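Thank you all for coming; I would like to take a few minutes to walk through one model with you. Please have the sequence and the structure in view while I talk.

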Amino acid sequence: MPDIFPLLSPQDPEPLQSTKRRQLIGFGLSCGVLASGLNLSGCSTVTPKKPVIGLVLGAGAARGFAHIGVIKALEAQGIQPDIVVGSSAGSVIAALFASGATGNDLNRLALTLDEATIADWGLPFAGRFGGLIKGEALQGMVNREVRNKSIEQMRIPLGIVATELQSGKGVMFRSGNTGLAVRASCSIPGVFQPAVISGKEYIDGGLVAPVPVSYARQMGATLVIAVNISSEPLHQDASGTFGVLQQTISIMQRSINQYELKSADIVITPHLMQMSSGDFKSRNAAILAGEVAAQEQMSLIKEKLKTFS
């Protein structure tokens with residue numbers, strides 16, 4: 001669980017332990033005496049509760065394109081999340097969606113995105129950090145797409161989850177530089193160099209929260225729709241250094257997800273068995289898989305929504 005941190009520079013994302021739960025409750029409306037000589041009459045009506053819908057987008061590198069399909073399917077049914085939380089690849093989509101991008105906007109961006117715009121390759125294992133990708137291009141791309149809005153300026157309340165390297169604790173950024181927070185959340189060890197924020201080093205949020213359901217609850221979500229795109233170890237290519245790294249992360253994430261996903265109301269799991277975490281060429285197939293998986297769960301989502309009416 002994230003710690004409480006002191007106030008940071010406005011240029012840096014600010015991690016918070018939790019925010020106050022937002023709840024909408026009905027108020028009784030009373031009627032008094034209507035006229036002299038009439039009996040006292042009272043009437044009251046209770047406005048139905050409205051759920052605070054939290055959309056949780058999980059980690060999974062290139063498999064994260066599936067999140068776009070989920071968003072498109074929800075929008076097609078008029079389901080609008082009140083909160084969005086992302087970890088690792090999910091933080092990229094979460095930030096763009098929270099800024100006001102529609103599912104179709106995200107679809108167009110995904111299909112035209114050049115990998116070179118987010119992969120600024122540094123000297124392998126150079127410096128004290130190591131890692132291959134600096135992350136500056138990813139940070140710049142996100143900030144351009146959100147029009148340099150900070151996290152707290154988003155249209156939809158946004159939470160971005162990362163891991164504090166020194167302590168190993170999960171941190172949720174609720175304010176500050178959006179691109180920098182996303183860069184921190186996506187900093188896969190051995191692939192990205194850690195992001196430095198106010199003197200602290202941050203790495204991939206998927207290490208502590210592959211599908212950050214509990215963080216959405218902290219932000220006040222009363223109905224959580226979680227999207228799990230984690231790779232199953234059985235379907236991973238474990239050959240080579242990078243393959244072993246990905247397999248290790250998959251094993252770890254599966255163990256964490258067994259606990260985290262239990263507190264979600266709906267879990268959407270796109271069928272991406274044949275897609276590796278580094279397969280950016282299959283983005284269109286991933287988007288479609290996300291859309292199909294969300295449609296398969298739509299009746300359950302609507303049933304859950306009815307419980308609040």
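I will go from the nonpolar interior to one helix, then to the salt bridges, and finally to a few loop residues.

Before anything else, please keep in mind that this is a predicted model, and the values I quote are computed from it.

Let me begin with the interior. The largest nonpolar core has 63 residues, and the members that touch the most other members are L55, V84, L158, F173 and I225. Helix α2, residues 89–98, gives this core its largest share, namely seven residues. There is also a second, separate core of 17 residues, and among its members are I83, M172, M219 and A221. If you would like one residue to click on, I suggest V84, which, leaving aside residues up to four places away in sequence, touches L55, L57, A94, F97, A98, I156, P157, L158 and G159.

From there, please turn to helix α5, which runs from residue 178 to residue 185. How many of its eight residues are buried? The count is eight of eight, so that the helix is mostly covered, because a residue is called buried when its relative accessible area is under 20%. The buried residues include the arginine R183 as well as L180 and V182. At the N-terminal end of α5, N177 acts as the cap, with a side-chain oxygen placed 3.1 Å from the backbone nitrogen of G179.

Now to the charged pairs. A search of the whole structure gives three salt bridges, and I will take them one at a time.

In one of them, K72 pairs with E291, and the closest N and O atoms are 3.9 Å apart. This pair links distant parts of the chain, since K72 sits in helix α1, residues 66–76, and E291 in helix α8, residues 283–296, with their positions 219 residues apart in the numbering. K72 itself is buried, at a relative accessible area of 18%.

Another salt bridge joins the side chains of D105 and R108, at 2.5 Å from N to O. Why are these two separated by about one helical turn? The reason is that D105 and R108 are three residues apart in helix α3, which covers residues 103–112. D105 counts as partly exposed, with 31% relative accessibility.

The remaining pair is R217 with D265, where the closest N and O atoms are 2.9 Å apart. Here too the pair links distant parts of the chain, 48 residues apart, with R217 in helix α6 and D265 in the loop between α7 and β9. R217 is partly exposed, at 21%, and D265 is likewise partly exposed, at 25%.

Let me finish with the loops. S230 lies in the loop between β8 and α7, and at 12% relative accessibility S230 counts as buried. Its C-alpha is 9.2 Å from that of G206, a residue 24 places away in sequence.

Two further loop residues deserve a look at their backbone angles. A61, in the loop between β2 and α1, has a phi near 55 degrees, which is a positive value in a residue other than glycine. R147, in the loop between α4 and β4, also has a positive phi, of about 55 degrees, although R147 is not a glycine. Are these two buried or exposed? A61 counts as partly exposed, at 30% relative accessibility, whereas R147 counts as exposed, at 70%.

Technical notes
Residues are numbered from 1 along each chain as its sequence is written. This is a predicted model: local features need pLDDT of at least 70, side-chain atom pairs count only at pLDDT 80 or more; totals for chains, interfaces and linings use all residues. Side-chain values use heavy atoms; hydrogens and water are left out. Buried means under 20% relative accessible area, exposed over 50%, partly exposed in between (1.4 Å probe, protein chains only). Helices (H or I, at least four residues) and strands (E, at least two) are DSSP runs, numbered from the N terminus. A polar contact is a pair of N or O atoms within 3.5 Å; within protein, one must be able to donate a hydrogen and the other to accept it, and residues adjacent in sequence count only if both atoms are side-chain atoms. A nonpolar core is a set of buried Ala, Val, Leu, Ile, Met, Phe, Trp, Tyr and Cys residues joined through side-chain atoms within 4.5 Å. Contact means heavy atoms within 4.5 Å. A salt bridge is a side-chain nitrogen of Lys or Arg within 4 Å of a carboxyl oxygen of Asp or Glu.
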